[in-house]
Amino acid sequence: MRLPMNDTTQQTVEIDVNSGFCFGVVTAINKAEEELAKSGQLYCLGDIVHNAGEVERLREKGLKTITHADLGDLHDVRVLLRAHGEPPLTYRTAENNNVSIIDATCPVVLQLQRRIKKAYDDGLETERAGGRKPLIVIYGKNGHAEVNGLVGQTNGEAVVIQDADGIDSLDLDRDIMLYSQTTKSLEGFRGIVSEIKRRKSKGKFEYFDTICRQVANRMEKMQAFAAAHEVVIFVSGAKSSNGKVLYEKCREVNPRTYLIQDETQLQPEWTSGYRSVGICGATSTPLWLMEKVADKIRSRHAGE
């Protein structure tokens with residue numbers, strides 16, 4: 001129940017300790033800052049993180065975001081590959097243009113790329129021996145940078161499905177090898193596995209849980225955090241797929257959960273009159289941004 005605030009009421013504003021950058025993003029940003037400290041200029045293929053505030057902070061330090069089309073026109077420069085990873089074509093383009101790569105691909109993503117490439121190469125061997133290679137399926141968001149890198153390991157042949165509806169497009173008579181984008185939910189992955197098992201009557205079905213546990217375990221902890229507060233402010237960049245998923249998970253347990261990109265989007269009525277406010281964010285949300293949100297809430301309450 002919402003209670004009236006008065007001068008003697010203490011509003012608690014807490015930032016979730018499990019929120020913010022995952023280690024892959026931290027590594028990428030650290031590498032960017034190290035290079036910028038030395039040279040003052042660095043290119044990054046795509047936004048280093050799906051958060052406009054952090055991208056702008058690093059832009060001011062000399063980090064320039066480029067597209068894949070831009071990469072084809074660059075020569076003799078240094079380019080950072082962000083945590084999401086890249087397909088083999090990106091490395092070939094860089095080599096042809098004498099572009100020095102600073103590779104910040106997340107180790108979890110890199111390991112997954114290698115597993116998918118091996119599965120694809122083994123499938124080619126099977127095909128050369130007269131058999132039929134398995135169909136490699138990736139549970140993930142179509143067009144996502146990480147997923148593009150994974151599909152690239154199969155020469156573009158892997159099939160991406162975003163939900164159970166995507167199973168309709170699969171040839172279920174073929175052997176199937178299922179992998180997952182590292183930031184998808186365990187619940188969603190298990191649902192896909194269950195549905196393929198239910199429908200499949202021919203051929204083998206192998207599935208590999210390739211979801212990053214730092215991200216997966218965060219969901220349960222974040223839901224507990226959201227349930228423990230009267231109001232939750234979820235901070236996330238508009239481009240963050242992970243942010244959309246985590247925000248909805250918070251809303252499941254606390255309907256008074258509000259999504260913002262930065263402190264300017266805060267509405268006073270969301271937090272006024274509540275004793276306990278929690279702030280959390282996506283794996284792409286910097287701590288400094290959540291702190292700015294907390295400071296604004298505290299300053300507003302102090303003035304009530």
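I started with Cys44 and looked up its bridge partner in β3, which is Thr65. I keep in mind that this is a predicted model.

Next I checked the strands around that pair. Strand β2 (residues 42–45) pairs with β3 in the parallel sense, over four bridges. I then followed the sheet outward and found it open, with four strands in the order β3-β2-β4-β5 and parallel pairing. Its edge strands are β3 (63–66) and β5 (100–103), each pairing on one side only. On average, neighbouring strands here are turned by 35° against each other, direction ignored.

What lies across this sheet? I found helix α1 (residues 23–39) lying across β2, β3, β4 (78–81) and β5. Helix α1 runs at about 165° to β4.

Then I turned to strand β1 (residues 12–15), where the side chains alternate. I noted Val13 and Ile15 pointing to one face, both buried, while Thr12 and Glu14 point to the other and are not buried. I also looked up the pairing of β1: it joins strand β12 (residues 276–281) in the parallel sense over four bridges. For Val13, the bridge partner in β12 is Val277.

My last stop was a pair of helices. The axes of α5 (residues 107–128) and α6 (residues 145–152) come within 8 Å and cross at roughly 30°, so α5 is roughly parallel to α6. I noted the crossing of α5 and α6 as right-handed. On the α5 side, Val109, Leu112, Gln113 and Ile116 make the contact, and α6 brings Glu146, Gly149 and Leu150. By class, I list four nonpolar, two polar and one charged residues in this contact.

Definitions and conventions: Residues numbered from 1 in each chain as written. Predicted model: local features only at pLDDT ≥ 70, side-chain atom pairs only at ≥ 80, totals over all residues. Heavy atoms only, no water. Axes fitted to C-alpha atoms, helices over the stretch in contact; angles between N-to-C directions. Helix = DSSP H or I, 4+ residues; strand = E, 2+ residues; numbered from the N terminus. Parallel < 35°, antiparallel > 145°, perpendicular 65-115°, else oblique. Left-handed = near helix turned anticlockwise from the far one by under 90°. Contact = heavy atoms within 4.5 Å. Nonpolar A, V, L, I, M, F, W, Y, C, P; charged D, E, K, R; others polar. Buried < 20%, exposed > 50% of the residue type's maximum accessible area, 1.4 Å probe, protein only. Pairing = 2+ DSSP bridges.
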